Every structure is written in structure tokens, then in C-alpha cells.
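Biologist: I'm happier at the bench than at a screen, so please show me how to read a fold. Take one feature at a time.

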Amino acid sequence: MDIHVLSAYQTTAEEFFTKIIDWKADLVLDIRLKNTNQLAGFTKQEDLEYFTHVIAHADYAHDVEYSPSKTLLDDYLDHGLPYEEYFAQYAKEMKERGAIPEFFKKYGEYQSIAIVGTATNKRRSHAEELQKLLEQAMEDGSAS
């Protein structure tokens with residue numbers, strides 16, 4: 001399984017979907033807590049689901065099990081929690097939820113997954129940490 005990360009922000013639709021197509025992603029997994037407001041642009045949940053099927057011929061899933069808790073996200077976005085600490089707390093939440101083994105049960109049949117996160121030029125995304133956790137699980141054999 002190949003796991004890729006892309007951001008819903010500061011990108012054009014062309015750049016976004018070109019990456020998905022180039023990666024031959026068969027699943028676009030949206031792990032954003034907030035993906036339904038107008039600020040999401042073309043990556044608003046209903047639009048992204050439609051475009052993913054039509055443009056990239058891939059499946060789409062929105063799964064907040066892989067999102068940080070609202071409290072943790074607010075601490076990072078609004079209260080200046082450093083991303084190293086944010087990532088460590090996010091990893092702890094994923095472990096407490098049993099999210100990593102569950103990921104492979106839910107999505108293990110896919111060959112190439114594009115995880116949609118929220119990175120910008122000024123901040124990093126939990127999608128990067130999820131990718132790292134998933135790749136570690138595949139390397140150490142705990143993914144199966």
C-alpha cells in the first residue's frame with residue numbers, strides 16, 4: 001500500500017487532482033474535522049466526493065476517526081501548541097482509539113491512498129503524522 005498526503009488548502013484543483021491521478025490513488029481519504037463550509041472551496045465534502053469519482057475515478061471517504069479531537073486541534077490552531085507536541089498528542093489519541101489497526105481493516109484493500117489534510121505554508125497537518133504512523137505499522141508488521 002502506498003500512502004500519500006496532500007493538503008486541501010493553498011492548492012488549485014488542477015494541482016490537487018493531478019497528484020491524485022499521478023499517485024494512481026484508488027481512495028481519497030478526507031480526515032479533516034471541518035470540511036463542509038464554503039471556505040473549503042472545491043474540497044468541500046460533497047464537491048470533493050463528486051470530483052474524486054469523476055476526475056480521478058477513485059473512491060472517497062470522510063473519516064473523522066483519524067482527525068484530532070476538537071480540543072487538540074483548537075490548542076494547535078488557536079493557542080500556539082507547537083507542532084511537535086501536537087503530533088505527539090495526536091499519535092497518543094490514535095493509539096488510544098486503536099485507529100491504526102482499524103485503518104488497515106477498513107482500507108487495507110486499497111493500493112494507493114491519498115490522505116487529505118490541512119497543511120498550509122504556515123502550519124503542518126495531522127495527515128503527515130498519520131502517514132508516518134501508518135508507514136511505521138507497515139514496516140514493523142503491525143499493519144496485518
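Biologist: Let's start small: does K24 count as buried or exposed?

Modeller: Check how much of the residue's area is accessible: under 20% relative accessible area is buried, over 50% is exposed, and in between is partly exposed, using a 1.4 Å probe and protein chains only. K24 comes out at 68%, so it counts as exposed. Before we go on, this is a predicted model, where local features need pLDDT of at least 70, side-chain atom pairs count only at pLDDT 80 or more, and totals for chains, interfaces and linings use all residues. Residues are numbered from 1 along each chain as its sequence is written, and side-chain values use heavy atoms, with hydrogens and water left out.

Biologist: Where is K24 found, and what is its phi near?

Modeller: Most residues other than glycine have a negative phi. K24 goes the other way, with a positive phi near 55°. K24 belongs to the loop between α1 and β2 (27–30). Helices (H or I, at least four residues) and strands (E, at least two) are DSSP runs, numbered from the N terminus.

Biologist: Which loop holds Q10, and what is the phi of Q10?

Modeller: Look between β1 (2–7) and α1 (13–22). Phi of Q10 is positive too, near 55°, and Q10 is exposed at 53% relative accessible area. A glycine to add is G80, just after α3, with a positive phi of about 75°.

Biologist: Now the whole chain. How many helices and strands does it have?

Modeller: Six helices and four strands, in the order β-α-β-α-β-α-α-α-β-α along the sequence. The radius of gyration, taken over C-alpha atoms, is 15 Å, close to the 15 Å from the globule rule for 144 residues, so the chain is as compact as a globular protein of that length. That rule is 2.2 Å times the number of residues to the power 0.38. Along the principal axes, the C-alpha atoms fill a box of roughly 35 × 35 × 20 Å. Buried residues are 44% of the 144.

Biologist: Which residues of α3 are buried, and what do they pack against?

Modeller: In α3 (residues 70–78), L72, L73, D74 and Y76 are buried. They pack against α4.

Biologist: How do α4 and α6 pack?

Modeller: Two packed helices are described by the angle between their axes and the distance between the axes. Here α4 (residues 83–97) and α6 (residues 126–140) meet at about 55°, with axes 10 Å apart. That makes α4 oblique to α6: angles under 35 degrees are roughly parallel, over 145 roughly antiparallel, 65 to 115 roughly perpendicular, and the rest oblique.

Biologist: Which residues make that contact?

Modeller: A contact means heavy atoms within 4.5 Å. From α4 come Y86, F87, Y90, A91 and M94, and from α6 come H126, E128, E129, L130 and L133.

Biologist: Is E129 buried or exposed?

Modeller: E129, in α6, counts as buried at 5% relative accessibility. Leaving out residues up to four places away in sequence, E129 touches F87, Y90 and A91. For contrast, K95 sits in α4 and is exposed at 71%.

Biologist: How far apart are K95 and L133?

Modeller: They are 38 residues apart in sequence, yet 9.7 Å apart in space, C-alpha to C-alpha.

Key: Axes fitted to C-alpha atoms, helices over the stretch in contact; angles between N-to-C directions.
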